[in-house]
Amino acid sequence: MKTRKNLRHSKDKVTGLQTLQSSVKWHHIVNSAPSLWDAISRLLSDQAMVLSLNSSFVDPLLQFESQLNIIESSFKMVFAIPSLEKVREMGTSEDDKEDLENLYQTILNMFEETLLILVSKDFYKLQILKDMIIWMNEDTSYLQERVMMIISSVLSFASKKVKRYASIDAPCLGVLAAEMSLLCFHTDPLITHQASLGMCYLLWIAKCQNADIEEIKSTMCNSGNHGLLPVPSDTEFLLMDLQQDKTKITQYVGQTLKPSLLTDFVWSLLMRLSSSNCATAFEASTMLKMTLEYHAHKVTMVSKIVDAIYKQLCEHSSHVMRHTLLRVITLLIRSSPKKVIFQLMDYPIPADNTLLLMWQAAGSESRMAPHVLKTILLILKGKPGEMQDSLMERRRFSLDTTNMMPVAASQALCTLLPISSYKRAVAEFFPQLLMALMLQLFYSSDLRLMIKDRLFYARDALRVLLNCSGLQKVDMALKKKNCWNQFSQVLSHHHRVYLVAKTLSDYNFPQFPETLHYLYKLSVEGPRRSEDSVIIVIFFTELLNNFFKDPFPEEFLVLFRNWVNDPNPAVSKLSLQKIASMAPVINKAQNVRSLLISILDAFFSKDKTVIIWALLTLRKLLGKLNKVTYSSLSTRIASSYYPLMDHACKYTLKICASELNWSTSYLLKDKHHNFELVVLNICNNLLISHESYITNLISDTLGFLRSSRIYLRRASVILIGYLTKLGSHLLLREEIEVMLDAIDPVLRDEDPVIRELAEITYRDFKEMSLKLTSSNFKQIFRRLFSLIYLKKLKPLYNWPDNLADSL
């Protein structure tokens, strides 16, 4: 029997022409070895087809698929022939046996020659070697050593050829390296040797990929061949390292393969964990963990890997496989915490048992606790149920555009925070976690947010946070106050925020300094949403109330001064209320003037209740303000009040319209409303709903004709004119004469506009007095007639808009 070396093909390649010439010589053994003759015939045909495709203009992808199909067919035929020993036994003489052996070797050489030609033209086609390993593993009847010898030979050829190119494209090297590395631990030492040898050549090719070949060779020669990889002509050093040494293999692979190829390597090993061959699964598990132990930072597509792990865990994997998969999560969290966490957040809520196991695995790496919590805090900035603006901003793999990640993050905290290794990180991020969960509680209680079974993980996570931070008494106190149960209700959420802050203060929680500092930072930087401001102001105010006596430190007072004019009316009111409570010590504040000015600016708010609170707050402060400060601001205060009284008491009229059921509210909507139409409609409404009070209203209004304020004299003349014109049927001639006497002095008023208005009113009164009677009978008749006829007056004064605005 020939030695193993005789199985290798000679350096002189056998061409197709030489094969045809030799076939005449082998014709006499056709009958004794028909399978070999069929194989050589088929190979000649297949090789011709493969090479013809290689020089065709077919699309490269289609070309490769066609060639791969042909080679697969050749592979199954070539490696299904009997072993060399059995082939020799087919011969009847020594000459026949030698001819059969040559034919056998020629078949193998032809198959290998086809591969070499393909690879010499395109390194991309090294992928065929990966497929050959897959075909080899599918059928154990194939002689695997024979396959590995050819694979090793082709890689050796490629490693020598690679030096001719500045760069190469061989995207299959990662997957091929994974398959070859597993074969390095085969039970057959001959296969192990060939696999290790092939790995040496493969790593050299990978090292040269997209690199300067001459620079690599020069570096290695100068270092005495003690670099990472020896040149391909000297593989003994590397071969000794690789054989049966998983650590060395993963070290070389991790250092040599570029990130995309190393990712393919890891992915292939991950897929091999589910192999039916327990030995293969075990080797894949060991190498996968060892690779990630040192080279996880180079792995890309982390989210895809995490998702694959989740699916494998859900498929009832074995205990050993489950342990490996969870260990992979732990190793990936070291280098890519954000990618792992974001992927773990992207599964349906509530999390199932599989996902909880993955959370525990992610939390087992204590060094990464700060990074994990930072990522979760980033997710907690989102609002559950919010629609994502664009696919580019989602960073997610699910098709659901509704952001439910914050809810998942809250549930994750329930798992992560109790882990003992997270104790230090929880202490570091206590203020951020506290406020993030308070905001999430607010979002979760929104009626518009529909969560299955109303799952309030933010509430549960907040309780876990308190208990993990040594605040068990605070948790118990809030439980006694029924605070936790009330968080499931939408109403009075602001009160519950106040309750949490007050209870923390009552128990003098030790995290107060850093919490106050964080709230101050949030207040200065500004929250993300206007509704967030309310929660922050309530919490901040309550902490200050309990830990600081009046007056507040100046830097805190500045915040409240700024909040007075916040776009959110709720924030403005809370700030005004707090400032009002400081009235007794207002003179101790250093910058009282700016504080009062901010309150005066609130008079121009679009929200009525803010204006009312500003008025109340200013009144409280002015009562305690020293005379020097008061006198310096008296002009500014007066000018701020003036618009509220001048503009048709617009806000007061709105209140009257709602309380008295006037149909005038639509007239007050425009910024520059028609003053006369408003007055006319008010008078009509008064006549309809309060007819019996008309004479009293006229009598009271007459008193304002002697006012020292010009705008009141103007308004009273106009109001008397409309009330009298509309209610003339209710008046006697004697009453009109009294009114004429009252208007007469106004005809000589110092203000020319008032004089003009008075003349119009006086003239109308004169006309009415001529028509009126003093007879009681006629007066009763006129009043009855008015029930079926209402006057529709046009504006009497044609009051200009610019003058109306000054009232």
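In the predicted model, E179 is a buried residue, its relative accessible area being 8%. Its salt-bridge partner is R272, and the closest N and O atoms of the two side chains lie 2.7 Å apart. The pair ties together parts that are 93 residues apart in sequence, because R272 belongs to helix α13 (residues 259-272) whereas E179 belongs to helix α8 (residues 173-183). R272 is likewise buried, with a relative accessible area of 19%; this value falls in the buried class because the class takes in residues under 20% relative accessible area.

A salt bridge is also formed between E293 and R327, with an N to O distance of 3.3 Å. This pair links distant parts of the chain, 34 residues apart: E293 is located in helix α14 (residues 278-295) and R327 in helix α16 (residues 319-335). Both residues fall in the partly exposed class, E293 with a relative accessibility of 31% and R327 with a relative accessibility of 26%. E293 and R327 are, in addition, members of one network, in which salt bridges with shared partners also join R334, E365 and R367.

A further salt bridge connects D532 with R529, where the closest N and O atoms are 3.9 Å apart. This distance satisfies the criterion, because a side-chain nitrogen of Lys or Arg must lie within 4 Å of a carboxyl oxygen of Asp or Glu. D532 and R529 are both buried. In total, the model contains 18 salt bridges, among them the pair of R272 and E179, that of E293 and R327, and that of D532 and R529.

Terms used
Residues are numbered from 1 along each chain as its sequence is written. This is a predicted model: local features need pLDDT of at least 70, side-chain atom pairs count only at pLDDT 80 or more; totals for chains, interfaces and linings use all residues. Side-chain values use heavy atoms; hydrogens and water are left out. Helices (H or I, at least four residues) and strands (E, at least two) are DSSP runs, numbered from the N terminus. Buried means under 20% relative accessible area, exposed over 50%, partly exposed in between (1.4 Å probe, protein chains only).
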